[in-house]
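Let's take a friendly walk through this structure together. Have a look at the sequence and the model below, and then we will go from one part to the next.

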Amino acid sequence: MQTELTAEAIYKQEFKTALRGYSQEEVDQFLDVVIRDYEKMAKEIERLQKENDSLRREPAPVSEPAKPAQPVASNYDMLRRISNLEKAVFGKQVGPSE
């Protein structure tokens, strides 16, 4: 990413004064803050680019897919278990009573 401004360019920028212009001291103080922030952002961008480059060079860790702790029951298995439970609770007769 190429930027038009550098901290040095901001520092060296000269503005013409006008009859009712801004206070030159306030402008200078504000530009000092802008320069500090600009330098911080430039350093952070550089750090992040280096980190990004190093992460791209490292091979991704290969991990095995997680296995379920218990086998997954199918719908048929669940229905069979419910049927067995009903037989145990209600006796051998399952269905409407006559």
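Start on the surface, where Leu85, Val89 and Phe90 form a nonpolar patch. Together, these residues have about 360 Å² of accessible area. Please keep in mind that you are looking at a predicted model. Within the patch, Val89 belongs to helix α3, which covers residues 75–90. Is Val89 buried or exposed? Its relative accessible area is 55%, so Val89 counts as exposed, the cut-off being over 50%.

Now step back to take in the chain as a whole. Its secondary structure consists of three helices and zero strands, giving the pattern α-α-α along the sequence. The chain has 98 residues, and 4% of them count as buried. About 10,200 Å² of the chain is exposed, with carbon and sulfur atoms supplying 55% of that area.

The surface also has a patch of negative charge, where Glu14, Glu25, Glu26, Asp28 and Asp32 gather. To find Glu14, go to the loop between α1 (7–12) and α2 (24–57). With a relative accessible area of 64%, Glu14 is exposed.

Next come the charged pairs. Side chains of opposite charge can pair when their charged atoms come close. How many salt bridges does the structure hold? There are five, and we can visit some of them.

In one of them, Lys50 pairs with Glu46, and their closest N and O atoms are 3.4 Å apart. These two residues sit four residues apart in helix α2, so about one helical turn separates them. Lys50 is exposed at 53% relative accessibility, whereas Glu46, at 43%, is partly exposed.

Helix α2 also holds Glu51 and Arg47, again four residues apart and so separated by about one helical turn. They form a salt bridge whose closest N and O atoms are 3.1 Å apart. Glu51 is partly exposed, with a relative accessible area of 37%, and Arg47 is partly exposed too, at 43%.

Finally, return to helix α3, where Arg80 and Asp77 lie three residues apart, about one turn of the helix. Their side chains meet in a salt bridge, with 3.3 Å from N to O. Arg80 is partly exposed at 44% relative accessibility, and Asp77 is partly exposed with a relative accessible area of 23%. Elsewhere, salt bridges with shared partners link Glu44, Arg47 and Glu51 into one network.

Methods: Residues numbered from 1 in each chain as written. Predicted model: local features only at pLDDT ≥ 70, side-chain atom pairs only at ≥ 80, totals over all residues. Heavy atoms only, no water. Patch = residues over 30% accessible without salt bridge, like charges linked within 9 Å, V, L, I, M, F, W, Y side chains within 5 Å. Areas by Shrake-Rupley, 256 points an atom, 1.4 Å probe, with all protein chains shown as cover. Salt bridge = Lys/Arg side-chain N within 4 Å of Asp/Glu carboxyl O. Lys, Arg positive; Asp, Glu negative; His and termini not counted. Charge placed at Lys NZ, Arg CZ, Asp CG, Glu CD. Buried < 20%, exposed > 50% of the residue type's maximum accessible area, 1.4 Å probe, protein only.
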